[in-house]
Amino acid sequence: MGVEGIGASVVRKEDRRFITGKGRYVDDIKLVGLTHAHFVRSPHAHARVKGVDTSAAMKMPGVVGVLTGQQIVDDKVGNLICGWAITSKDGTGMKMGAWPAMAPETVRFVGQAVAVVIAETKNQAKDAAEAVVVTYEELPAAADIRAAIKPGAPQLHPEAPGNVIYDWTIGEEAATDAAFKAAANVVSLDITNNRLVPNAMEPRAAIGEYNEAEEHFTLYTTSQNPHVARLVLSAFYNIAPEHKLRVIAPDVGGGFGSKIFIYPEEMVALWASKKVGRPVKWTGDRSEAFLTDAHGRDHLTKAELALDANNKITGLRVKTYANLGAYMSLFSSSVPTYLYATLLSGQYNIPNIFAEVISVYTNTTPVDAYRGAGRPEASFVVERLLETAARQLKVDPAELRRKNFITQFPHQTPVIMAYDIGDFGASLDAAMKAIDYAGFPTRKAKAKSEGKLRGIGLSCYIEACGIAPSKAVGSLGAGVGLWESAEIRVNPVGTIEVLTGSHSHGQGHETTFCQLIAERLGVPISQVQIVHGDTDKVQFGMGTYGSRSLAVGGTAIIKAMEKVEAKAKKIAAHALEASENDIVIENGEFKVTGTDKSIALPMVALAAYTAHNLPDGMEPGLKETAFYDPTNFTFPAGAYICELEVDPGTGKTSFVNFVAADDFGRLINPMIVEGQVHGGLAQGIGQALLEGAAYDSSGQLLTASFMDYAMPRADDLPSFQLNHTTTLCPGNPLGVKGCGEAGAIGASAAVINAITDAIGNNKLEMPATPDRVWHAIHG
Amino acid sequence: MSTIKLTVNGKAVSAEVEDRTLLVHLLRENLNLTGTHVGCDTSQCGACVVHIDGRAVKSCTVLAGQAAGSSVTTIEGISKGDELHPMQAAFRDNHGLQCGYCTPGMIMSAIDIVQRHGGKLDEATVRQELEGNICRCTGYHNIVKSVLDAAGRMKVAQAAE
């Protein structure tokens, strides 16, 4: 590696603008004639809209327009879509209710938009929104899964009887049942996977701008995938045709999945800009984020593990109810199915798996992908079961895991996934060594003498990333392909622009992707510019989620680079009167191997653009594109071990140590990778100890601010000890697997396993607040 | 409407604002200093922290009028030309930021923490002092590292002066 090539912890190029206050987020953008939108939202979880009186609001100072759900319908703006079709076990399709961007007739969750006020200033829009009179007829609400599926429950959508969206299965039921019948031991657990609010620090925002003369729209939006936004807004929502719509996602302040989706507010800002003939900006406040950003998780699961007399796992049976909220968000259907149940084999050789997933509507905010998306829920089920089994069988939890690890690759699980490579024993060894697992009993005894309950918890996670082979996901119901594209422009002076369909909202692409170029060409990263987040610049892209940017987007860059290098070598060979097979690239120069003849990259580039002396028949220019479709998922995996103490007097948990050993394949920038792990661990630990969206029985969100929803703060978390083990991913030329979600996927089980170990009571739900822990200790 | 006169990043400024205008909105909307961010509506997240007369304050809890006559420093005002403030440099060098949204508030709070504690900072103190600043990306690990690193750098810089 060079100092800026693969494997170097290069300081991030993008940081200078962020640390000097020069980042450019959507709310920072001002346009001539800008107006401001504020939404009128439902205070009820379920109600019929009897009337919307906008007359008083229209007379308020500064008001430019008041638009309602009925106008959305009248303008034939399409209902929001769900992009992944799931088929129930009886062969029927999913039962999807209509979701208009603003509700004309019925509201189904608190915070659903009914109307929007557009005014000269934000305060004027807020004031006038207070003057919009909406008459509601309240309806009974179903605020959680149990309330939604019980007989006589309030019906949300006529399309979904009993509020069931689908009842889906995977795996072999009869074989799994047989494994349980023959089992020497069966372990069973009821698990609640708590509902989370993503809470990217930048609230969602959008500016719609319509140019009447050109009949052209521009949308500035907080998106993880601007091209998908453009596609959906044009193909399904009928707001603007694709060639008349530019979507720009500038600096975006975190996403964690919640900014994948195209929300009503962005649709309305764009649509309204044409209605009022002026640019319309909407910036959500934090309360709106709590009420309207897609939430995550929210499963009720019964899980059972069958083992033979030698403690080998013979079967896994899972039944999960998943709460999708009041409407089906863009990828909501896939999260508790193909992103969840396909990972239920974990790191283990499990010959028989059967899972049933029943997704239901409730009168709550829609639920969709949040960091890990289905995989944290799967990992939690598997790792809680393994820990519980070890305790029940009175064997060491590390040894039980090791005994059942998959050791031969490739490995086909009973639930679709074909793991390509891994070394689960190596990760576990590394984590156990780092935390001094062998010394734990001594430390526990010492803690006991000091009145503290000390526990240790393991979690050996696996995830499927590099999302995803288009043909495979297409066959499973996905409405889009999940390839990625890249374009490399070597400019006439030899500087390089890399245009990627991935989108960075904290991941550091502007640095990592430059390192890929530096590695191959030997040019400094200051000569390379990463361009992303603008549909007018980048040819196309599927965006960033599912830890896919490097494995899929990075590979697309490599594929485009190969084409650039091939052409550049031809030009260099022609100029140096050598054979192109003898040309090697070193330190930004094209050299004739074994000679002192060379030509620098800028001269090759200039030759390509002057075109005065190119090989016969060669097109001028030095710019290539590639679309890369992965052949398989990638499978990051690792072992986390958490050691903590519980104060039996207060139920408060304090971390002693948190150790991670991850296998992400090759690391391009270890510093950035570790940052991703830190952040993921914080979200996993947050889920385990602090976070939980709570609704009351009428469907009011009780945790709708940072005063009420416990975000992890600096003093809630430990410093982390990270380790890496490496098996190179065989599925892509970089050998990379992805690192963005691992922490969030593996951490929560490690924490809960540690607390339940400490207190000697396995019954403990997340978030394990001091109150819950105290009751688990004292009954 | 009132005319508010104050000093921002060393320059005398004045702005005509509604009486209910918060300092953060005066900075962002009237002065175009968009480095100061709004991340919540309950004064919890700290993305809006600026210095008023040398003390870290959440600019979303201060009316613009309350800041009249004071000297406000924002994230845009702490570097000397191209030379970064030691806290800015430490955040970059220790990968103390990812999406960058909480970063200006973090840096402004962190400078205040170091100034108040001088050489007596340790990890536990930094973590406790950062209670009023929320980051969703970094898990705070590298932010804590950055602050401790900067504390050393600021001491050296102070000694040199």
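## Helix packing and a small sheet in chain A

In this predicted model, helix 18 (residues 670–689) of chain A packs against helix 19 (residues 742–759) of chain A at an angle of about 40°, and their axes lie 7 Å apart. Helix 18 of chain A and helix 19 of chain A are therefore oblique to each other, and the crossing of helix 18 and helix 19 of chain A is right-handed. Among the residues that make this contact are G679(A), G680(A) and G684(A) from helix 18 of chain A, together with G743(A), A744(A), G746(A) and A747(A) from helix 19 of chain A.

A second region is an open sheet in chain A, in which three strands follow the order 22-23-24 with antiparallel pairing. Strand 22 and strand 24 of chain A stand at the edges, each with a single partner strand, so one side of each is left without a neighbour in the sheet. The twist averages 25° from one strand to the next. Strand 22 and strand 23 of chain A are joined by four bridges, and I583(A) stands opposite V592(A) of strand 23 of chain A.

Helix 4 (residues 122–130) of chain A has Q124(A), A125(A), A128(A) and A129(A) as buried residues. These buried residues lie on the same side of helix 4 of chain A, because they cover an arc of only 135° around the axis. The table lists elements that are included in what covers them.

| Covering element (chain A) | Residues |
|---|---|
| Strand 1 | 35–41 |
| Helix 2 | 55–58 |
| Strand 3 | 63–68 |
| Strand 5 | 113–119 |

Key
Residues numbered from 1 in each chain as written. Chains lettered and ligands numbered in written order. Predicted model: local features only at pLDDT ≥ 70, side-chain atom pairs only at ≥ 80, totals over all residues. Buried ≥ 20, exposed ≤ 12 C-beta atoms within 10 Å, placed from the backbone. Helix = DSSP H or I, 4+ residues; strand = E, 2+ residues; numbered from the N terminus. Arc of directions from axis to C-beta. Contact = placed C-beta atoms within 7 Å. Pairing = 2+ DSSP bridges. Axes fitted to C-alpha atoms, helices over the stretch in contact; angles between N-to-C directions. Parallel < 35°, antiparallel > 145°, perpendicular 65-115°, else oblique. Left-handed = near helix turned anticlockwise from the far one by under 90°.
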